[in-house]
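Reader: I am new to this structure and would be grateful for a close look at a single part of it. Please take one residue as the starting point and then describe the helices in a connected account.

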Amino acid sequence: MTETVGALAVAAAMLALAVARLAWGALCLDASSPDRLVAELRLAQVAALLLVLAAGTYAGAAVASRTPGAGLDIALATGFFVVAALATTRAPGRALTVLAAAWGAHGLVGLGHQTGALPPGVVPGWYATASAIYAVCMAGICYLPNLRQR
């Protein structure tokens, strides 16, 4: 494992733990409390930023790889940016639902690279798989506060 891959793994784990902590904090608050709304808003904002970061890695990899058809990754990353930006303008509960769906879609992008449905040379196979697993976990974390209804 290279130093860069190790740093990426540690950063991804720490960011996921931070988002999970925000989700757990929101879930533990009374569903009708204004503090709950604030906690959900913070979670949505951080999850949206992390989604943009995760999607941006595919855009950067597409530029670096020079793989034919990799422009699709740049278009997808732009789409994830738009979804993340619009999600933060919604009510926190709806924003978290939208972000959970977007993270799920991001997982499908990783699977698409792994299966060849998207250009396979953009990212290494291990990265596409790890990214898909990470995205599904993030989708679940984003949706977690919605399990306790108002």
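Author: Leu108 is exposed in this predicted model, because its relative accessible area of 56% lies above the cut-off of 50%. The residue belongs to helix α4. Between the C-alpha atoms of Leu108 and Ser131 the distance in space is 9.5 Å, while 23 residues separate the two in sequence.

Helix α4 itself covers residues 92-115. With 24 residues at 1.5 Å a residue, α4 should span 34 Å, and its end C-alpha atoms are indeed 34 Å apart, so the two values agree. After α4 comes Gly116, which has a positive phi, near 95°.

A contrasting leucine is found in helix α2, namely Leu50. Leu50 has a relative accessible area of 7% and is therefore buried, the cut-off for that class being under 20%. Leaving aside residues up to four places away in sequence, Leu50 touches Leu15, Val19, Trp103, Tyr134 and Met138. From Leu50 to Val122 the sequence separation is 72 residues, and their C-alpha atoms are 20 Å apart in space.

Two of the residues that Leu50 touches, Leu15 and Val19, also take part in the contact that α1 makes with α2. Helix α1 comprises residues 3-28 and helix α2 residues 34-65. They pack at an angle of about 160°, and their axes are 8 Å apart. The two helices are therefore roughly antiparallel to each other, as the angle is over 145 degrees. The crossing in which α1 passes α2 is left-handed. On the α1 side, the contact is formed by Leu15, Val19, Leu22, Ala23, Ala26 and Leu27. On the α2 side, the participants are Arg36, Ala39, Glu40, Arg42, Leu43, Val46, Leu50 and Leu53. Sorted by class, this contact holds eleven nonpolar and three charged residues, with no polar ones.

Helix α1 can be examined in the manner applied to α4. Its 26 residues, at 1.5 Å a residue, should span 38 Å; the end C-alpha atoms are 37 Å apart, which agrees. The buried residues of α1 are Gly6, Ala16, Val19, Ala23, Ala26 and Leu27. These buried residues pack against α2 and against α5, which runs over 125-143. Val19, for example, is buried in α1, belongs to the contact with α2 and is touched by Leu50.

Definitions and conventions
Residues numbered from 1 in each chain as written. Predicted model: local features only at pLDDT ≥ 70, side-chain atom pairs only at ≥ 80, totals over all residues. Heavy atoms only, no water. Axes fitted to C-alpha atoms, helices over the stretch in contact; angles between N-to-C directions. Helix = DSSP H or I, 4+ residues; strand = E, 2+ residues; numbered from the N terminus. Parallel < 35°, antiparallel > 145°, perpendicular 65-115°, else oblique. Left-handed = near helix turned anticlockwise from the far one by under 90°. Contact = heavy atoms within 4.5 Å. Nonpolar A, V, L, I, M, F, W, Y, C, P; charged D, E, K, R; others polar. Expected span 1.5 Å × (residues − 1). Buried < 20%, exposed > 50% of the residue type's maximum accessible area, 1.4 Å probe, protein only.
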